[in-house]
Amino acid sequence: MPSTVCIADFDLPTRSASGFMLRHVVPRLEPIHLFSILARRFPFQLSAPQSDIIIGMGHGDVDTFTGQNEAVILDAGRYNPREVRGKVIKLLSCQTGVELGPDLVKNGCAVFMGYTDDYLWVMDADLASRPWADEMAATCLMPVMDGINALLDGKTAREAFDIELEGYGRNAAVEEDELIKSCLKFNRSNAVLLGDPMARIRARPRIKLPLPPPPLILPIS
Amino acid sequence: MGSKEEWQKYQEAMRAGDAAAAAEAFRRFQEAKKQEGKGGSTPTLVNLSTKSKTYRNAIPVDQIPDELVTNPEFFELMKKIADKEG
């Protein structure tokens with residue numbers, strides 16, 4: 001069963017997070033990725049029903065998850081339940097745990113993982129052309145990647161969720177920058193898991209990291 | 001005074017709801033951090049919220065003090081962070 005990976009890439013935050021997704025998650029998945037201009041509603045509608053996992057990164061609100069240029073991908077109450085039924089869903093986005101997450105669970109998704117408030121981190125804007133090299137951003141984003149990779153290893157949603165939370169805690173304990181540390185604590189406190197914590201997907205093959213950097217990086221328009 | 005102490009003062013000002021004092025304390029925190037050689041070349045606070053918010057998705061860290069004073073919604077966000085940390 002394929003996966004649906006929907007990754008926006010059009011401004012600094014989406015460039016930063018998409019860089020980590022491309023480097024640490026995407027190589028493990030089937031080559032159908034809704035990346036950049038493909039992160040839109042129509043390709044998502046085609047891909048999602050066939051998938052066992054939906055991984056999304058883009059801007060969000062309490063009831064909306066968006067893709068490229070904030071094109072709406074999932075809007076609470078305005079999607080076909082077939083797109084989400086039985087799926088493991090992880091959204092790296094702001095506030096989707098407030099209304100959209102519960103709505104997804106109500107419409108049959110196995111488990112939803114997201115955040116109930118803004119997802120914040122500190123990045124180095126000078127590294128926008130090679131975001132995976134940004135150590136400041138890695139402090140917040142690598143726990144998310146580790147959690148997603150745990151899902152792809154076949155671990156349960158609860159185990160994957162705990163791995164992400166432990167990552168925030170571990171990084172906060174050694175982080176010297178107080179602003180970054182406060183972002184880690186904030187994101188950790190806002191992470192939510194809704195639905196069946198024992199849900200899991202078919203394990204994907206493991207890859208040896210680090211991979212060489214992905215080749216496609218375009219200037220931000 | 002080190003960056004940790006300046007951060008404490010910033011948080012106290014945030015919890016007290018004093019935007020001007022928080023902005024000034026954050027400036028001093030930034031200055032202390034620079035003296036300690038911390039931070040990347042262009043550190044920027046980013047978030048994944050939609051355009052429905054009045055604050056930007058990417059705020060260079062050195063502009064945070066101005067944003068705290070001029071944007072009440074951003075101040076509320078940073079206050080929530082300070083409250084949760086405390």
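**Exercise 1. How many helices and strands are there in chain A?**

Before starting, a word on the material: this is a predicted model, in which local features need pLDDT of at least 70, side-chain atom pairs count only at pLDDT 80 or more, and totals for chains, interfaces and linings use all residues. Residues are numbered from 1 along each chain as its sequence is written, while chains are lettered from A and ligands numbered from 1 in the order in which they are written.

*Step 1.* Chain A has 6 helices and 10 strands. Helices (H or I, at least four residues) and strands (E, at least two) are DSSP runs, numbered from the N terminus.

*Step 2.* For chain A the radius of gyration is 16 Å, close to the 17 Å from the globule rule for 221 residues, so the chain is as compact as a globular protein of that length. The radius is taken over C-alpha atoms, and the globule rule is 2.2 Å times the number of residues to the power 0.38.

*Step 3.* Along the principal axes, the C-alpha atoms of chain A fill a box of roughly 45 × 35 × 35 Å.

*Step 4.* Of the 221 residues in chain A, 56% are buried. A residue is buried if 20 or more other C-beta atoms lie within 10 Å of its own, exposed if 12 or fewer, and partly exposed in between, with C-beta atoms placed from the backbone.

**Exercise 2. Describe chain B in the same terms.**

*Step 1.* Chain B holds 4 helices and 2 strands, and from the N terminus on they run α-α-β-β-α-α.

*Step 2.* Its radius of gyration is 13 Å, close to the 12 Å that the globule rule gives for 86 residues, so chain B is as compact as a globular protein of that length.

*Step 3.* The box filled by the C-alpha atoms of chain B, along the principal axes, is roughly 40 × 30 × 20 Å. Buried residues account for 42% of the 86 residues.

**Exercise 3. Work out the surroundings of strand β3 (residues 53–57) of chain A: are its residues buried or exposed?**

*Step 1.* In β3(A), 5 of the 5 residues are buried, so the strand is largely enclosed by the rest of the structure.

*Step 2.* Now look at each face. Ile53(A), Ile55(A) and Met57(A) are buried on one side, and Ile54(A) and Gly56(A) are buried on the other.

*Step 3.* Find the neighbours. Strand β1 (residues 3–7) of chain A pairs with β3(A) in the parallel sense over 5 bridges; two strands pair if DSSP finds at least two bridges between them. Here Thr4(A) stands opposite Ile54(A).

*Step 4.* Strand β7 (residues 88–92) of chain A also runs parallel to β3(A), joined by 5 bridges, and Val88(A) is the bridge partner of Ile53(A).

**Exercise 4. Trace the sheet that draws on both chains. In what order do its strands come?**

*Step 1.* The open sheet has 3 strands in the order β9(A)-β1(B)-β2(B), with antiparallel pairing. Its edge strands, each pairing on one side only, are β9 (120–124) of chain A and β2 (58–60) of chain B. From one strand to the next, the twist averages 30 degrees.

*Step 2.* Between β9(A) and β1 (residues 43–47) of chain B there are 5 bridges, and Met123(A) has Thr44(B) as its bridge partner.

*Step 3.* Add the helices. Helix α1 (residues 12–24) of chain A lies across β9 of chain A together with β1 and β2 of chain B, at about 90 degrees to β1(B). Axes are lines fitted to C-alpha atoms, for helices over the stretch in contact, and angles run from 0 to 180 degrees between N-to-C directions. Helix α4 (residues 135–152) of chain A lies across β9 of chain A together with β1 of chain B, at about 155 degrees to β9(A).

**Exercise 5. Characterise the interface. How many residues of chain B are in contact with chain A?**

*Step 1.* The contact involves 26 residues of chain B and 34 residues of chain A. Two residues are in contact if their C-beta atoms, placed from the backbone, lie within 7 Å.

*Step 2.* On the side of chain B, the elements giving two or more residues are α1 (3–15), β1 and α4 (72–85).

*Step 3.* Finally, take one helix pair. The axes of α6 (residues 178–190) of chain A and α4(B) come within 9 Å and cross at roughly 85 degrees. The two helices are therefore roughly perpendicular, the label for 65 to 115 degrees, with under 35 roughly parallel, over 145 roughly antiparallel and the rest oblique. Ser182(A), Lys185(A), Phe186(A) and Ser189(A) meet Ile81(B), Lys84(B) and Glu85(B) in this contact.
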